Each structure stands twice: as structure tokens, then as C-alpha cells.
Amino acid sequence: MDFQSLIKTPVQNWVDGHPVVAWILEHPIWTIGLVVLGIFLFWGLLKAIAHLSERVWLSLLSFPLRFAQWVFQFGFQLFKFSNSQKEEPQQQEPEKQEQLMDLLSRLEAVKKEQDEIMEK
């Protein structure tokens, strides 16, 4: 036995026992392409994880501000609602009557203008 056969025989037996390694050795161009594709996929996965963690942290850090904003808005609406209930409905009725009378007078003026235009 020579030196080359001493090394070649165990390596050949190992490659025969592992068909994936045999395929990689027989198709180097496909192997390079798949490795590059795997790197791009892994890189995209890392970017997606980083983006997700960034959004989670931003949401967690902005939650107290959003909660405070919601509390103030709710409090303002509650205050506004309580003030509107305190006003007397009798005071609102004359205002509505005045608005209706104003609208009716405007409509009459527009009707007169329309009649004048139609006569010409």
C-alpha cells in the first residue's frame, strides 16, 4: 500500500457514507449558489428580527405617552360632556329658534332673487 491509497480509502468511504457531502463535491457551482442564497436568506432573517425588536422597543417606550394622551383626551371629553349637561336646555331652545329664523329669512331672500332673475 502506498501513501495515497492510505488517505484516499478512508476519505472515499466517508464520502460514500455521506451522500450530501458527495453531492457538494460533485456540484461545486450549485454549492456556491446555494451558499450565497443561504447567506442572503440569513441576512434577511437578521434584518427582520432587528426591525421587529426595534418596533417592539418603540412601542414599549411610547406606551406611557400614548396612555397619558388617551387619559387626557378621555378626561377632556368627560369634562366637555359634564359641562354640556349643566347648560339649561331652555337656553339652547331660543338659540335654535334664532338660527331657524335666520335661515328662513336667507331662504326668502334667495327665493326673491331667483324670482327676479326668472322675470328677466
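Trainee: Where do D102 and R106 lie, and how far apart are they in sequence?
Mentor: Both sit in helix α4, which spans residues 89–119. They are four residues apart, about one turn of the helix. A helix here is a DSSP run of H or I with at least four residues, a strand is a run of E with at least two, and both are numbered from the N terminus. This is a predicted model: local features need pLDDT of at least 70, side-chain atom pairs count only at pLDDT 80 or more, and totals for chains, interfaces and linings use all residues. Residues are numbered from 1 along each chain as its sequence is written, and side-chain values use heavy atoms, with hydrogens and water left out.

Trainee: What makes the contact of D102 and R106 a salt bridge?
Mentor: Take the rule: a side-chain nitrogen of Lys or Arg within 4 Å of a carboxyl oxygen of Asp or Glu. The N to O distance for D102 and R106 is 2.8 Å. That satisfies the rule, so the pair is called a salt bridge.

Trainee: Why can such side chains pair at all?
Mentor: Side chains of opposite charge can pair when their charged atoms come close.

Trainee: How many salt bridges does the rule give?
Mentor: Two. The other joins D115 and K111, at 3.7 Å from N to O. Again the value is within 4 Å, so the name applies. D115 and K111 are four residues apart in helix α4, which means about one helical turn separates them.

Trainee: Why is D102 called partly exposed?
Mentor: Buried means under 20% relative accessible area, exposed means over 50%, and partly exposed lies in between (1.4 Å probe, protein chains only). D102 has 34%, so it is partly exposed. D115 also has 34% and gets that label. K111, at 47%, is partly exposed too.

Trainee: How do you know whether T31 is buried or exposed?
Mentor: Its relative accessibility is 16%. That is under 20%, so T31 counts as buried. T31 is in helix α3, residues 28–86. Leaving aside residues up to four places away in sequence, T31 touches W23 and I24. Contact means heavy atoms within 4.5 Å.

Trainee: What share of the protein's residues counts as buried?
Mentor: Just 3% of the 120 residues.

Trainee: How do you know how the protein compares with a compact globule?
Mentor: Use the radius of gyration, taken over C-alpha atoms. The globule rule is 2.2 Å times the number of residues to the power 0.38. For 120 residues, a compact globule would come near 14 Å, but the protein has 41 Å. The C-alpha atoms fill a box of roughly 120 × 50 × 20 Å along the principal axes.

Trainee: How far apart in space are G17 and I117?
Mentor: They are 102 Å apart, C-alpha to C-alpha, and 100 residues apart in sequence. G17 is in helix α1, residues 3–17. I117 lies in helix α4.

Trainee: Why is G17 called exposed?
Mentor: Its relative accessible area is 52%, which is over 50%, so the label fits. I117 has 61% and is exposed as well.

Trainee: What is the secondary structure of the protein?
Mentor: Four helices and zero strands. Along the sequence the pattern reads α-α-α-α.
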